[in-house]
Amino acid sequence: ITAVELIQETFDRINETESAIDSFITLNEEKALAMAKAIDEKGITEENILAGIPIGIKDNIVTKDLLTTAASKMLYNFEPIYDATVMEKVYQSDMIAVGKLNMDEFAMGGSTENSYFKETKNAWDQTKVPGGSSGGSAAAVASGQIPLSLGSDTGGSIRQPAAFNGIVGMKPTYGRVSRFGLIAFGSSLDQIGPLTRSVKDNALALNAISGFDPKDSTSSGSSVPDFTANLGDDIKGMKIALPKEYLDKGVNAEVKDAVLKAADTFRSLGATVEEVSLPHSKHGVAVYYIIASSEASSNLQRFDGIRYGYRSENAATLEDVYVNTRSEGFGDEVKRRIMLGTFSLSAGYFDAYFKKAAQVRTLIREDFKKVFADYDLIIGPTTPTVAYGIGEKIDDPVTMYTSDILTIPVNLAGLPGMSIPCGFSNDLPVGLQLIGNHFAEDTMYKAAYSFE
Ligand code: GLN
């Protein structure tokens, strides 16, 4: 098959399924076909094994001359003049960006219902949410529209939609993948990562997008191994920890059963699985919503109606431009986060909220550090429940927030976290979360591959 044929088939498949799934905000058909033609002329070699592979991009990753909205009215017309570093890497690998994927506005949410543009549907049941915020990235891969996508994860936004759609999603170690050109939400938490149907595809994609970037001051210089190198190696003697807090009463019984079965599978493959404790993880949600919202309130100051994106038409003064642009351009959830963050950072409340949250964050980090002194890997559920109905939780932000309880601690600690499918509940996929030590994605891939 030529790259042109593959890309044509990809768009045929997208056109057939898009009315049911609604995963794309923008399609890039013309440029994608031109790129495919160029790749066919150049030829595909062993070294360039991802050449011609279609990839979908979450719409908060900036793409030169291609609409990038972050699913917000605020950026409804924004065509960036540069590419994110991950896009440069995608193009260096000769992958073909077929379009931009739907998400919660500015990545704030867990169901993709906060998008200004459309509601993406779960690939398994179109009455259910696809998860979020990378809901488009997950549903597009799970429904067979594309084999691979990029998402971003600040508190679970790659892992949770991967779990809800029964696919593989990796949030790499903080600093592993450049954030340059990722529209910032919580800068100390955000990471870009791949969503795929298989573990090997995921490892190949992470190979392509990882590495030090001088344009991201938090990017790590740590060397990038070939993440496919130990796929297929046995996991005999691997020490796996199962935190008891991850099987607490909030976790659905069938989800718990699926995870306990997964633990047995790892045992049968020669690993040991033992119960441990992460005592501070229960504070993760509270800490996260202060830190992430504080960082968001600062990062989102740039959307003022002056430099790019939406500008209110009904503004007589400069102050009106700011106030009306932001009132009209941001959705409710984004406004809620900006208010929460501005409050937590304000002079009178800083010590009680932001500073306290930062201190508890350190305790959460130390919990993990203690476990990783004795274990190679942590496992648990990715989410307390499987995908729920569209509209079911949208009016209840606190319930929505608490459903991130199992993914958030990983971002607070800067660790890599991944979700792989491990069974079904109510005919909907259950995700198994694997958490590794800093920069130990290779161990996670090895374990995930042996499980698959
Ligand atoms: N659901 C979480 C939130 O709303 C996580 C979002 C994310 O990881 N981008 O903040």
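Where does UniProt place the feature "active site" in this protein? The unreviewed entry puts that feature at Lys 58, Ser 133 and Ser 157. What I will show is a predicted model, and the annotation comes from the record.

In sequence, these residues span 100 residues. In the model, no two of their C-alpha atoms are more than 10.9 Å apart, so they gather at one spot. Two of them, Ser 133 and Ser 157, are also included in the lining of the largest cavity.

Let me start with Ser 133. This residue sits in the loop that runs between strand E3, 96-101, and helix H4, 135-142. Is Ser 133 buried or exposed? Its relative accessibility is 0%, so Ser 133 counts as buried. Leaving aside residues up to four places away in sequence, Ser 133 touches a list of residues that includes Asn 102, Met 103, Asp 104, Thr 112 and Ser 152. Lys 58 and Ser 157 are among them too.

Now Ser 157. Here the loop is the one between strand E4, 148-153, and helix H5, 159-164. Ser 157 has a relative accessible area of 7%, and because the cut-off for buried is under 20%, this residue is buried. With the same sequence neighbours left out, Ser 157 touches Lys 58, Ala 107, Gly 109, Gly 132, Ser 133, Ser 134 and Ser 152.

What does the side chain of Ser 157 reach at 2.7 Å? That partner is the backbone nitrogen of Ser 133.

To put it together: Lys 58 is touched by Ser 133, and by Ser 157 as well.

How values were computed. Residues are numbered from 1 along each chain as its sequence is written. This is a predicted model: local features need pLDDT of at least 70, side-chain atom pairs count only at pLDDT 80 or more; totals for chains, interfaces and linings use all residues. Side-chain values use heavy atoms; hydrogens and water are left out. UniProt positions are given in the numbering used here, feature names are shortened, and annotations may be inferred rather than shown by experiment. On a 1 Å grid over the protein atoms alone, a cavity is a set of points where a 1.4 Å probe fits but cannot get out, and a pocket is an open set with protein on both sides within 12 Å along at least five of seven lines; lining residues have an atom within 4 Å of a point. Helices (H or I, at least four residues) and strands (E, at least two) are DSSP runs, numbered from the N terminus. Buried means under 20% relative accessible area, exposed over 50%, partly exposed in between (1.4 Å probe, protein chains only). Contact means heavy atoms within 4.5 Å. A polar contact is a pair of N or O atoms within 3.5 Å; within protein, one must be able to donate a hydrogen and the other to accept it, and residues adjacent in sequence count only if both atoms are side-chain atoms.
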